[in-house]
Amino acid sequence: MQEQDKRAVESMCRCGLDIDGVIALFPKFSREDIVLIYEATKGVAGGENCISINCS
C-alpha cells in the first residue's frame, strides 16, 4: 500500500465510518493493513492531542 493509499484510508476513518465500512470501500487492500490504519487513526482522534470545539 502506497502512502497516498494510506492517507485515503485515514480520511475515511476520520469521516466516522466503522471498520466494516472502510474495508468495503477498499476491497483491494488487505484487511490487516486497513485495521492497523483504522486503529491508529482512531487512537489519534481519541487521544490527548485531540482538539475539542464546543459550538453552543
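**Three helices and their core**

Biologist: How many helices and strands does the protein have?
Modeller: The secondary structure is taken from DSSP runs: helices are H or I of at least four residues, strands E of at least two, numbered from the N terminus. Along the sequence the pattern reads α-α-α. The count is three helices and zero strands.

Modeller: A note on the source: this is a predicted model, where local features need pLDDT of at least 70, side-chain atom pairs count only at pLDDT 80 or more, and totals for chains, interfaces and linings use all residues. Residues are numbered from 1 along each chain as its sequence is written, and side-chain values use heavy atoms, without hydrogens and water.

Biologist: Which element gives the most to the largest nonpolar core?
Modeller: Such a core joins buried Ala, Val, Leu, Ile, Met, Phe, Trp, Tyr and Cys residues through side-chain atoms within 4.5 Å. Here the set is V9, C13, V22, I23, F26, I34, I37 and Y38. Two or more residues each come from α1 (3–14), α2 (19–25) and α3 (31–45). With three residues, the top contributor is α3.

Biologist: Which residues does F26 touch, leaving out those up to four places away in sequence?
Modeller: F26 belongs to the largest nonpolar core. Contact means heavy atoms within 4.5 Å. The partners are A8, V9, M12 and I34.

Biologist: Is A40 buried, exposed or partly exposed?
Modeller: A40 lies in helix α3. Buried means under 20% relative accessible area, exposed over 50%, partly exposed in between (1.4 Å probe, protein chains only). A40 has 46% relative accessibility, so it counts as partly exposed.
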